[in-house]
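Me: I am new to this structure and would like a close look at a single part of it. Please take one pair of packed helices, go through the contact between them, and then place that contact in the rest of the chain.

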Amino acid sequence: MKKFTDYTFQMNTEIVFGIGAEKKVAGLVQKYGGGKVMFVYGGDSIKNIGLYDTVTGALDEASIPFVELGGVLPNPRRSFVEKGLELAVFEKVDFLLAAGGGSPIDTAKTIGAGLAHGGDYWQFYKGAEPRATIPVGAIPTIAAAGSEASCGSVIVDDMETGRKCSFAHNLIRPVFALMNPELTYTVPPYQTGAGATDIFAHVCSRYFIDADCYLGDLYCESTMRAVVKYAPVAYVSPSDYEARAELMLAGAFAHNDLLNLGRYTKNRGGEHGLEKQLSGFYDTAHGAGLAVVMPAWLQYIVNNGSEAQAARVARLGIKVFDAPDTADLVNAANEGIRRFRAWLKSIGMPLTLKELGVPDTDIDGLAIRSLGGKDGVLQGFMPLDFKAVREIFSYSAS
Ligand SMILES: [Fe+2]
């Protein structure tokens, strides 16, 4: 059986990268047909770094009318999408411009898909495929989720189930991303670490697979090595341009499907499924939750997986964390996990549920929520049932 999978790759996002990239916003909005813009953002941080003034000034100067939708929260809420959608319909918006992290960008993607389907956006989070969308432009201010060039969106359903839900389709990829590493200088160390961990996790979900592509392995390992090298630099020196630039590049390309080529299968990763209900339920930073679950998940694979699965963990240790390449796979894998934890700690990440603020007594409930019920199974590199998920969370107990 061939292990190199077929693929279709259509990465439509025009990426403009460099100092001052955000100043090109008006021309790009016009290029992609924006007549009336909804400017979507979170809190005051874009005002503090001058981005708000740059964007609104550029739109005014080009006589592009816009309405604002500020106040998107981290772990963005469905109820906020509803509010934005109502405003967008009322204002006859035909372009969404999002500035900030993954939350405003995902909110804009969802509003865009809803606008193109008479307001019914939630169908896509239940599996329906969009036929059209309203274009979205992105100006990321943190290297993390990679939403600026990805086809995915994640929203917390605060109206019905309380679960964090996601949908992915090539149509919702932003039409442009203006990426200026200087805009990330004020990201606090903890969020810098959480963002880097999220980037690392996006590569893991393409590295731990049951397919094979030699070049893809090298893309994955190089991307992870860049994150491992530069995250600690940005953590201690927030205004280091090279470190911020490397992380921004890694963030966009870890999640824009380049790393999927020839290796995209259903049985991949698993770390996001394990983390999702942590940040969804406890409102913790997504990357910090990933820092808690990923080493535990890898340990579970080494302890319970096949020899080939344990060998993959060992390869991560050797190729990404320079663990000694010995004949004993389990030793190399365990040393890799040890180094992985040390790296996470060096960028301020929690390693236990307790450090994340989640009581160990919640493990059973957490496992059930992650599976959508006690009989559910999390698909991935290793399918995980209740017993497995419970065991993984118990590795993260204090
Ligand atoms: Fe993520």
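Reply: The part chosen here is the contact in which Ile363, Asp364, Leu366, Ala367, Ser370 and Leu371 of helix H15 meet Phe386, Val389, Arg390, Phe393 and Ser394 of helix H16. By class, the residues of this contact are seven nonpolar, two polar and two charged. The model is a predicted one, and what follows describes that model.

H15 covers residues 363–371 and H16 covers residues 386–395. Their axes lie 9 Å apart, and the helices pack at an angle of about 130°. An angle over 145 degrees would count as roughly antiparallel; at about 130°, H15 is therefore oblique to H16. The handedness of the crossing of H15 and H16 is right-handed.

Two other helix pairs can be read in the same terms. In general, a pair of packed helices is described by the angle between the axes and the distance between them.

The pair H12 and H13 comes next. H12 spans residues 307–321 and H13 spans residues 329–346; the two pack at about 55°, with their axes 7 Å apart. H12 and H13 are therefore oblique to each other, and their crossing is left-handed. On the H12 side the contact includes Ala310, Ala311, Val313 and Ala314, along with Leu316, Gly317, Ile318 and Phe321. On the H13 side, the residues include Leu329, Val330, Ala332, Ala333, Glu335 and Arg339. The residues of this contact divide into 13 nonpolar, two polar and two charged.

The other pair is H7, residues 189–207, and H11, residues 286–304. These helices pack at an angle of about 55°, and 7 Å separates their axes. H7 is therefore oblique to H11, and H7 passes H11 in a left-handed crossing. From H7, the contact takes in Ala194, Gly195, Thr197, Asp198, Ala201 and Cys204; from H11, it takes in His286, Gly287, Ala288, Leu290, Ala291 and Met294. Here the division is seven nonpolar, four polar and one charged.

Now the wider chain. The domain assignment gives domain 1 as 14–184 and domain 2 as 189–395. The C-alpha centres of the two domains are 27 Å apart. Where the domains touch, 19 residues of domain 1 are in contact with 24 residues of domain 2. The domain 1 side of that contact consists of 11 nonpolar, five polar and three charged residues.

The chain also has a sheet. Six strands form this open sheet, in the order S1-S8-S5-S4-S2-S3, with parallel pairing. At its edges are S1 (14–17) and S3 (66–69), each of which pairs on one side only. From one strand to the next, the twist averages 15°. S1 pairs with S8, residues 176–179, in the parallel sense over four bridges, and Val16 stands opposite Leu178 in S8. Helix H4, residues 78–91, packs on the sheet and touches S2 (37–40) and S3; the direction of H4 makes about 170° with that of S3.

To return to the part asked about: H15 and H16 pack at about 130° with their axes 9 Å apart, and their crossing is right-handed.

Definitions and conventions: Residues are numbered from 1 along each chain as its sequence is written. This is a predicted model: local features need pLDDT of at least 70, side-chain atom pairs count only at pLDDT 80 or more; totals for chains, interfaces and linings use all residues. Two strands pair if DSSP finds at least two bridges between them. Axes are lines fitted to C-alpha atoms, for helices over the stretch in contact, and angles run from 0 to 180 degrees between N-to-C directions. Two residues are in contact if their C-beta atoms, placed from the backbone, lie within 7 Å. Angles under 35 degrees count as roughly parallel, over 145 as roughly antiparallel, 65 to 115 as roughly perpendicular and the rest as oblique. A crossing is left-handed if the near helix is turned anticlockwise from the far one by less than a right angle, and right-handed if clockwise. Ala, Val, Leu, Ile, Met, Phe, Trp, Tyr, Cys and Pro count as nonpolar, Asp, Glu, Lys and Arg as charged, and the others, Gly among them, as polar. Domain bounds come from an automatic or database domain assignment.
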